[in-house]
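Please open the model in your viewer and keep the selection panel at hand. The tour below goes from one selection to the next and says what can be found at each stop.

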Amino acid sequence: MSTLLYVQSSLYGAQGTSSQLAESFVGQWLSGNPGGRVIRRDLAADPAPHLTAERFQAFNTAPEARTPEQQVVVAYSDALIDELRSADTIVLGVPMYNFSVPSTLRAYFDHVARAGVTFRYSSAGPEGLLKGRRTLVFVTRGGIYAEGADTQTPYLRQFLSFVGLEPEFVFAEGLAFGEEVREKSLVAARERVTSLAALQLAA
């Protein structure tokens, strides 16, 4: 059975524009995979805790030496990672907030980046351990960002690649530049969604 993991990070939940674009892809994916399973992780409704020294120490403590409190911390991280591992397709809805990703998404990343679990170091350098999963990132922005001013996309690409995921991006920009610019951008993004869904079915 095919499985899709959808991670939603908009403060507005399902009403966010990034969520609506991502949900459009999820709906088309389900149409082509009627027996498929969708796991939804809403980081606005259920945010991952921000990383603390205590939580980080729990990850670095040997399993047999963990306190009950550390076991709870690691079990939460393990559950997030298990969702990623179970998925054939990963979808991220990512609005731009203050030139970066939502802090809830960063906190989520901090809980799934685990040495020896989702990545490892070797003599050849770091190796991601989540390879083989199609990863689609739906990014929405109020402004329009030239490549040099875009700090969001390089961060997402670097982090996802670090754990073995090679992202494909769909952008909807200029959403705060008036209705005409907004609608033109959304139409192009929706067409890209349909194209990506068709490629998924053909794969």
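Begin by selecting R106, which in this predicted model counts as partly exposed because its relative accessible area is 43%. Add D110 to the selection, and you will have a salt bridge on screen, in which the closest N and O atoms of R106 and D110 are 3.5 Å apart. Both residues belong to helix α4 and are 4 residues apart, which means that about one helical turn separates R106 from D110. D110 is likewise partly exposed, since its relative accessibility is 24%, a value that lies between the 20% under which a residue is called buried and the 50% over which a residue is called exposed.

Keep R106 selected and bring in helix α5, which spans residues 152-162 and packs against α4 with the two axes 12 Å apart and at an angle of about 20°. Because angles under 35 degrees count as roughly parallel, α4 and α5 are described as roughly parallel to each other. If you look along the pair, the crossing of α4 past α5 is a left-handed one. To display the contact itself, select L105, R106, F109 and V112 on the α4 side, together with Y155, L156, F159 and L160 on the α5 side. Sorted by class, the residues of this contact comprise 7 nonpolar and 1 charged, with no polar residue.

Next, hide α5 and show helix α3, residues 68-86, whose axis comes within 8 Å of the axis of α4 (residues 103-112) and crosses the α4 axis at roughly 95°. This angle makes α3 roughly perpendicular to α4. The residues to select here are Y76, S77, L80, I81 and L84 of α3, and Y108, H111 and V112 of α4. In this contact of α3 with α4 there are 6 nonpolar and 2 polar residues, and no charged ones.

Now centre the view on Y108, which lies in helix α4. Is Y108 buried or exposed? Its relative accessibility is 2%, so Y108 counts as buried. Once the neighbours within four places in sequence are set aside, the residues in contact with Y108 are L5, V7, R41, L43, A48, L80 and L84, and selecting them displays the surroundings of this side chain. For a contrast in distance, add S122: Y108 and S122 are 14 residues apart in sequence, while their C-alpha atoms are 25 Å apart in space.

Return to α3 and show helix α2, residues 53-60, which packs against α3 at an angle of about 80° with the axes 9 Å apart. That angle makes α2 roughly perpendicular to α3. For the contact, select R55, Q57, A58 and F59 of α2 along with Q70, V73, V74, Y76 and S77 of α3. By class, the contact of α2 with α3 is made up of 5 nonpolar, 3 polar and 1 charged residues. Y76 and S77 therefore deserve a label in your view, as both are listed in the contact of α3 with α4 and in the contact of α2 with α3.

The next stops concern charged pairs, of which the model has 12 that count as salt bridges. Select R40 and E23, whose side chains meet in a salt bridge with an N to O distance of 2.4 Å. This pair links distant parts of the chain, as R40 sits in strand β2 (residues 37-42) and E23 in helix α1 (residues 17-32), 17 residues apart. R40 counts as partly exposed because its relative accessibility is 46%, and E23, at 30%, is also partly exposed.

Move on to E183 and R190, which form another salt bridge, with the closest N and O atoms 3.4 Å apart. E183 is partly exposed, with a relative accessible area of 34%, and R190 counts as partly exposed at 40% relative accessibility. Then select R41, D46 and E83, which are joined into one network by salt bridges that share partners.

Finish in helix α1, where S19 is placed. At 2% relative accessibility, S19 counts as buried. Apart from neighbours within four places in sequence, S19 is in contact with Y6, Q8, S10, G13 and A14, so that selection is the last one of the tour.

How values were computed: Residues are numbered from 1 along each chain as its sequence is written. This is a predicted model: local features need pLDDT of at least 70, side-chain atom pairs count only at pLDDT 80 or more; totals for chains, interfaces and linings use all residues. Side-chain values use heavy atoms; hydrogens and water are left out. Axes are lines fitted to C-alpha atoms, for helices over the stretch in contact, and angles run from 0 to 180 degrees between N-to-C directions. Helices (H or I, at least four residues) and strands (E, at least two) are DSSP runs, numbered from the N terminus. Angles under 35 degrees count as roughly parallel, over 145 as roughly antiparallel, 65 to 115 as roughly perpendicular and the rest as oblique. Contact means heavy atoms within 4.5 Å. Ala, Val, Leu, Ile, Met, Phe, Trp, Tyr, Cys and Pro count as nonpolar, Asp, Glu, Lys and Arg as charged, and the others, Gly among them, as polar. Buried means under 20% relative accessible area, exposed over 50%, partly exposed in between (1.4 Å probe, protein chains only). A salt bridge is a side-chain nitrogen of Lys or Arg within 4 Å of a carboxyl oxygen of Asp or Glu. A crossing is left-handed if the near helix is turned anticlockwise from the far one by less than a right angle, and right-handed if clockwise.
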